[in-house]
Amino acid sequence: MKTITTTEALADFCLEAAKRPYVTVDTEFLRERTYYSKLCLVQMAYRDDAGEDAVIIDPLVDGLSLEPMYELFRNPTVTKVFHAARQDLEIFFVNAGLIPAPLFDTQVAAMVCGYGEQVGYETLVRKIAKADLDKSSRFTDWSRRPLTDAQLKYAVADVTHLRDIYESLSERLKKSGRARWVSEEMAVLNDPATYKTEPEDAWQRVKTRTTSGRFLSIVKELAEFREAYAQRRDIPRSRVFKDDALVELASTKPQNEGDLGRSRLLLREARKGEIADGILAAIKRGLETPPEDAPKMPKGREKLQVNPALADLLRVLLKAKADREGVAQKLIATSADLDAIAAGERDVDALHGWRREVFGDDALALCDGKVALAVKGNNVQTIQL
């Protein structure tokens, strides 16, 4: 293991890595006190029994440029391997405007290969690499220097064992013919929209049971102000005000700082100054929104007219298909997907791509009364009607 603290050393490592078919990647970061993740470490490894093949890159060192690493990430001949890549990729997209490609996520691949839902790295290390991880450094402050030997050992293990995991899963996917399934799943991770948080869309994450147009107009304006303020100041959105306070504000519609002072849930520092001004202005804009321009609940948030018996049958079918294929049920279809199908929705992920082949076609046939379910021994089968 080597710690890289200069651009030259990073360039040398990336030059060697570019000769390999894949490189494993992981990061350590902090986000508790900021809106955007603060990158503290990058770990990388490739397979080379003859030399130094695993490194820890310290991006907090003055004068170190990560451009050699970003150039490797752009290299189309080297697969970039992550486990549960979403947060790592967001960091690289925000910091450098790129998504490493081609991309392989071992968590997704493990679900396709039957290791269960949202399988953790530690589980795969134990089952595939036949090793144990020391997780004692997992929640340490990665921004503090110097790093301890325990921290360095923990960090590098996240990419060295990942080589064995990637090679094992790749071989299984090749034998099963399911590599295409994983490629389809990478579409979301490869989409820049996945990592963009637009303030005008922030209201859609706020949970509320009220569907009143005026209420939602205020929620939208408050959420947009909060998101933009948090991004501009690089602070967590909860430091501006939390969701429960946002919903309270949309309900009580305060008109001045005196009204804000009577809020039960609003943080003290949000009751005056710039945040208070922003809250009051947002409420005013929400109240002035014409009814025809009021936001509407995103599709799927409104109450569906679900046929409960059909939804139960779809759950039985899903379990049978998942067990037969050795694939995590949640990867094929979520509970919300099943309810949507049972309510007559057809623009559902479970009815497209490889999921349609595995589950969707029979699910639609079941909905149309063209197949029935029967039990034979310990197995559930479909019978054509």
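These legends walk through close-up views of a predicted model.

Local features here need pLDDT of at least 70, side-chain atom pairs count only at pLDDT 80 or more, and totals for chains, interfaces and linings use all residues. Residues are numbered from 1 along each chain as its sequence is written, and side-chain values use heavy atoms, with hydrogens and water left out.

**View 1. The largest pocket takes in about 780 Å³ of space.** A pocket here is an open set of points on a 1 Å grid over the protein atoms alone, with protein on both sides within 12 Å along at least five of seven lines, and a lining residue has an atom within 4 Å of a point. Points are joined across faces, edges and corners, and the volume is the space filled by probe spheres set on them. Of the 28 lining residues, Glu28, Phe29, Gln87, Arg138 and Tyr154 sit nearest the centre. Strand S2 (22-30), helix H3 (86-96), helix H5 (121-129) and helix H6 (149-176) each chip in at least two lining residues. Helices (H or I, at least four residues) and strands (E, at least two) are DSSP runs, numbered from the N terminus. Which element gives the most to this lining? That's S2, with six residues. The lining splits into 11 nonpolar, seven polar and 10 charged residues; Ala, Val, Leu, Ile, Met, Phe, Trp, Tyr, Cys and Pro count as nonpolar, Asp, Glu, Lys and Arg as charged, and the others, Gly among them, as polar.

**View 2. The second largest pocket holds about 520 Å³.** It has 20 lining residues, and Val108, Glu185, Val188, Leu331 and Arg355 are the closest to its centre. Helix H4 (106-112), helix H7 (179-190) and helix H13 (329-332) each supply at least two residues of this lining. H7 has the largest share, with five. By class, the lining has nine nonpolar, four polar and seven charged residues.

**View 3. The largest cavity encloses about 50 Å³.** A cavity is a set of grid points where a 1.4 Å probe fits but cannot get out. Counting those of 30 Å³ or more gives one cavity. Around the largest cavity you'll find Arg31, Tyr36, Ser37, Glu90, Ile91, Val94 and Asn95. That makes three nonpolar, two polar and two charged residues.

**View 4. Helix H8 (residues 213-233) meets helix H9 (residues 243-252).** Their axes, which are lines fitted to C-alpha atoms over the stretch in contact, come within 9 Å and cross at roughly 135 degrees. Angles run from 0 to 180 degrees between N-to-C directions. The pair is therefore oblique, as angles under 35 degrees count as roughly parallel, over 145 as roughly antiparallel, 65 to 115 as roughly perpendicular and the rest as oblique. H8 passes H9 in a right-handed crossing; that means the near helix is turned clockwise from the far one by less than a right angle, while anticlockwise would be left-handed. Contact (heavy atoms within 4.5 Å) involves Phe215, Ile218, Val219, Leu222, Ala223 and Arg226 of H8, and Asp243, Leu246, Val247, Leu249, Ala250 and Ser251 of H9. These comprise nine nonpolar, one polar and two charged residues.

**View 5. Helix H2 (residues 67-74) packs with H3 at about 115 degrees.** Their axes are 12 Å apart, and the crossing is left-handed. Met69, Tyr70 and Phe73 of H2 touch Phe92, Asn95 and Ala96 of H3. Five of these contact residues are nonpolar, one is polar and none is charged.
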